[in-house]
Amino acid sequence: MLPAQQARLAADIAELADHHGRCRSALLPILQGIQRDHHQISDFAMQEVARQLDIHPVEVYGVVTFYSFLNTGREGRMVVRLCRTISCDMQHKDRIARQLENDLGIKFGDTTSDGRFTLQWAHCLGMCDQGPALLVNDQVFTRVNCEQVHEILENCRKTFTASGHVLTTGHGHGTAKEAFAR
Ligand code: FES
């Protein structure tokens, strides 16, 4: 990472720490903010968080590696997570998984070569009676079928500008007609 990028990241972390506080209870929201804004939590970010909160870097590393929503590797601008816990598993989540892999052209754990999509497994999303459940960034889609997977991804693609940035932001519980951005 270039010095200018490090300086920018350190400034962003300072801003998050100003907002959330410089105590241990602020650690998780600060890390979530870094993940949201930078799509990964790099080694430098972990060290900088530890320095600014005056805690040991190992503690920061432990939190980052514990939560599946925090990543040390760079993610795509849209992270698609499919629940693989038992209720969704019984609701044929494997079919949805195959459709996602085919449509995106990647396997779970991978990011598309254009950096737009990352495909990941998720643990229970709290929608067990409405499976299979899918999360696109922060938006939940429930009772998803294969046709809807294609529609959801197409709507996501429409939100990218020519430069690959995300154009629009939506909120709330998802339907196949909504897509949302980070
Ligand atoms: S098991 Fe999938 S949402 Fe709970």
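Among contacts in the protein chain between residues at least 6 apart in sequence, what percentage join residues at least 24 apart? The figure is 60%. I begin there, and I should say at once that the structure before you is a predicted model.

Let me turn to the overall layout. The protein chain has 182 residues, of which 28% count as buried. Its secondary structure consists of 7 helices and 4 strands. Following the sequence, one reads the pattern α-α-α-α-β-α-α-β-β-β-α.

I move now to the sheet. The 4 strands form an open sheet, with mixed pairing, in the order β2-β1-β3-β4. At its edges are β2 and β4, the latter covering residues 139–141, and each of these two pairs on one side only. Averaged over the sheet, and with direction ignored, neighbouring strands are turned by 20 degrees against each other. As general background, the strands of a sheet pair through backbone hydrogen bonds, and they do so either parallel or antiparallel.

Both arrangements involve β1 here. β1 and β2 run parallel and are joined by 6 bridges. Within that pairing, valine 79 stands opposite threonine 118 of β2. β1 and β3, by contrast, run antiparallel, with 3 bridges between them. Two positions illustrate this pairing: valine 80 has valine 136 in β3 as its bridge partner, and arginine 81 stands opposite leucine 135, also in β3. Helix α6 packs on the sheet and touches β1, β2 and β3. The direction of α6 makes about 155 degrees with that of β1.

How many of the residues of β1 are buried? The count is 6 of 6, and the strand is described as mostly covered. In a regular strand, generally speaking, side chains alternate between the two faces of the sheet. For β1, Met78, Val80 and Leu82 lie on one side, while Val79, Arg81 and Cys83 lie on the other, and all of them are buried. Arg81 is thus part of a strand that is covered on both faces.

That leads to the nonpolar cores. In soluble globular proteins, nonpolar side chains tend to be buried together. Which residues touch the most other members of the largest nonpolar core? They are Val80, Leu100, Leu134 and Val136, in a core of 21 residues. The elements that give two or more residues to this core are β1 (78–83), α6 (93–104), β2 (117–122), β3 (134–136) and α7 (146–158). Of these, β1 gives the most, with 5 residues. Leucine 100 may serve as an example: setting aside neighbours within four places in sequence, leucine 100 is in contact with Val80, Leu82, Leu119 and Val149. Apart from this core lies another, of 14 residues, including Leu16, Leu31, Ile34 and Leu53.

I turn next to histidine 20, which is found in helix α1, residues 3–20. Is histidine 20 buried or partly exposed? Histidine 20 has 18 C-beta neighbours inside 10 Å, and therefore counts as partly exposed; a buried residue would need 20 or more. Leaving out neighbours within four places in sequence, histidine 20 is in contact with Ala26, Pro29 and Ile30. Histidine 20 and isoleucine 30 are 10 residues apart in sequence, and their C-alpha atoms are 6.9 Å apart in space.

Finally, I draw your attention to three details of the backbone, each in a loop. In the loop between β2 and β3 one finds proline 132. The peptide bond leading from glycine 131 to proline 132 is cis, with omega near -5 degrees.

The loop between α2 (27–38) and α3 (43–53) holds histidine 39. Phi of histidine 39 is near 65 degrees, a positive value in a residue other than glycine. Histidine 39 counts as partly exposed because it has 18 C-beta neighbours inside 10 Å.

Arginine 143, in the loop between β4 and α7, also has a positive phi, of about 45 degrees, although it is not a glycine. With 13 C-beta neighbours inside 10 Å, arginine 143 likewise counts as partly exposed.

To close, I return to β1: this strand pairs in parallel with β2, runs antiparallel to β3, and gives the most residues to the largest nonpolar core. Thank you for your attention.

Note on methods
Residues numbered from 1 in each chain as written. Predicted model: local features only at pLDDT ≥ 70, side-chain atom pairs only at ≥ 80, totals over all residues. Core = buried A, V, L, I, M, F, W, Y, C linked by C-beta atoms within 7 Å. Buried ≥ 20, exposed ≤ 12 C-beta atoms within 10 Å, placed from the backbone. Contact = placed C-beta atoms within 7 Å. Pairing = 2+ DSSP bridges. Axes fitted to C-alpha atoms, helices over the stretch in contact; angles between N-to-C directions.
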